[in-house]
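The following exercises are to be worked through with the sequence and the model at hand. Each task is followed by a solution in steps.

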Amino acid sequence: MKVTVVGAGAVGASCAEYIAIKNFASEVVVLDIKEGFAEGKAMDLMQTASLNGFDTKIVGVTDDYSKTAGSDIAVITSGIPRKPGMTREELIGINAGIVKTVSSNLIKHSPNVILIVVSNPMDTMAYLVHKSTGLPKNRIIGMGGALDSARFKYRLAEALEAPISDVDGMVIGGHSDTGMVPLTRHATRNSVKVSEFLSEDRLSQVAEDTKVGGATLTKLLGTSAWYAPGAAVSSLVQAIACDQKKMFPCSVMLDGEYGLKDICIGVPVILGRNGIEKIVAIDLNDAEKAKMQESAVGVRATNGLLDV
């Protein structure tokens, strides 16, 4: 099992670290355009191998896609990160060109690769990869919902004053501050709906805190977060590599599901060795459906800025 991570910045390095520590991949290639940067990150990570007990080989390369040949899964984190006050959508002009070039180079050397798109604006970048590569839709996955759901569960556990292992919940819709749809009605604490423990106002606050989770961290850190994004990516990669058939909300191309077509947006899917094994239909009430449609309008508006 060979995994490539394109972009050796904080998010890319975090992805590589969590994938290596889980010890399911034989090799992780980290690629960056900055001379020596990926090599340095790889060497630093490899020097943790004996301490963290993993045998995954981590290799750093500077802009040489031939070293990624034969990758089963590739993660695209490249592009500029969000700065304070910048929306994900404002990144589109710069990052679209980068993602298009990266995905083309990856497929050239690994024609059977499954692509996980992390670069923002993520739903639009996933859509761009579909339109520019022509890969089957099961092999293009946008990572947003897994991260947003982790942030949702963090906020739920905080509100419940409960251990996070007690809590389950999911965020669907667009990966943006306004597009996320935290499914508070479906969230549970050990199978009991959280509405049994929390007031409607408190649940609304949890949802709002979840939606601005990324912006909150950007304001505090001065750049995008990296630990939780890296962990979210590693969970998706492991589910595919180990054929776990686990369910995650991911940004995927829809063809009528949830009443939407020709759009990449977050919905629950089953991930296994073929990438997206199945899109899962869940029961949404009228309010949730309306929020999903509103989210889709926002994603389509950003997609409209693409040159495809």
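**Exercise 1. Cysteines**

Why is the sulfur of Cys 264 too far from the closest cysteine sulfur for a bond, and in which residue does that closest sulfur lie?

Solution. The model is a predicted one, in which local features need pLDDT of at least 70 and side-chain atom pairs count only at pLDDT 80 or more, whereas totals for chains, interfaces and linings use all residues. Residues are numbered from 1 along each chain as its sequence is written, and side-chain values use heavy atoms, with hydrogens and water left out.

Step 1. A disulfide is a pair of cysteine sulfur atoms within 2.5 Å.
Step 2. The cysteine sulfur closest to that of Cys 264 belongs to Cys 250 and lies 11 Å away, too far for a bond.
Step 3. Taken from the other side, the sulfur of Cys 250 has its closest cysteine sulfur in Cys 264, again at 11 Å.
Step 4. The structure accordingly holds zero disulfides.
Step 5. Relative accessible area, computed with a 1.4 Å probe on protein chains only, defines buried as under 20%, exposed as over 50%, and partly exposed as in between. Cys 250 has 0% relative accessibility and counts as buried; Cys 264, also at 0%, counts as buried.

**Exercise 2. Helix α5**

Compare the length of helix α5 with its expected span, and determine which of its residues are buried and what they pack against.

Solution. Step 1. Helices (H or I, at least four residues) and strands (E, at least two) are DSSP runs, numbered from the N terminus. The expected span of a helix is 1.5 Å times one less than its number of residues.
Step 2. Helix α5 comprises 12 residues (122-133), and the distance from its first C-alpha to its last is 16 Å, close to the expected 16 Å.
Step 3. Nine of the 12 residues are buried, so α5 is largely enclosed by the rest of the structure. Among them are Met 122, Met 125, Tyr 127, Leu 128 and His 130.
Step 4. These buried residues pack against α4 (92-109), β5, β6 (140-142), β12 (246-255), β13 (261-272) and α10 (286-303), where contact means heavy atoms within 4.5 Å.
Step 5. Just after α5, Gly 134 adopts a positive phi of about 75°.

**Exercise 3. Helix α7**

Apply the same procedure to helix α7.

Solution. Step 1. The 12 residues of α7 (200-211) should span 16 Å, and the 17 Å between the end C-alpha atoms agrees with this.
Step 2. Buried in α7 are Leu 203, Val 206, Ala 207, Asp 209, Thr 210 and Lys 211.
Step 3. Their cover includes α6 (145-160), β8 (171-173), β9 (180-182) and α8 (213-221).

**Exercise 4. Strand pairing**

Establish the partners of strand β4, and then the strand order of the sheet that contains β10.

Solution. Step 1. Strands of a sheet pair through backbone hydrogen bonds, either parallel or antiparallel. Two strands pair if DSSP finds at least two bridges between them.
Step 2. Strand β1 (residues 2-6) pairs with β4 in the parallel sense over four bridges; Val 3 has Ile 73 as its bridge partner.
Step 3. Strand β5 (residues 114-117) also runs parallel to β4, joined by four bridges, and Ile 76 is partnered by Val 117.
Step 4. From β4 (residues 73-76), Ile 73 and Val 75 point one way, Ala 74 and Ile 76 the other, and all are buried.
Step 5. An open sheet of three strands has the order β7-β10-β11, with antiparallel pairing. Its edges are β7 (167-168) and β11 (192-193), each with a single partner strand, so one side of each has no neighbour in the sheet.
Step 6. Strand β10 (residues 188-189) pairs with β11 over two bridges, and Arg 189 has Val 192 as its partner.

**Exercise 5. Salt bridges**

Locate the salt bridges formed by Asp 72 and by Lys 137.

Solution. Step 1. A salt bridge is a side-chain nitrogen of Lys or Arg within 4 Å of a carboxyl oxygen of Asp or Glu. The whole structure contains 10.
Step 2. Asp 72 pairs with Arg 273, the closest N and O atoms being 3.1 Å apart. The pair links the loop between β3 (57-62) and β4 to the loop between β13 and β14 (275-279), 201 residues apart.
Step 3. Both partners are partly exposed: Asp 72 at 22% and Arg 273 at 32%.
Step 4. Lys 137 meets Glu 257 at 3.7 Å, N to O. Here the loop between α5 and β6 is linked to the loop between β12 and β13, 120 residues apart.
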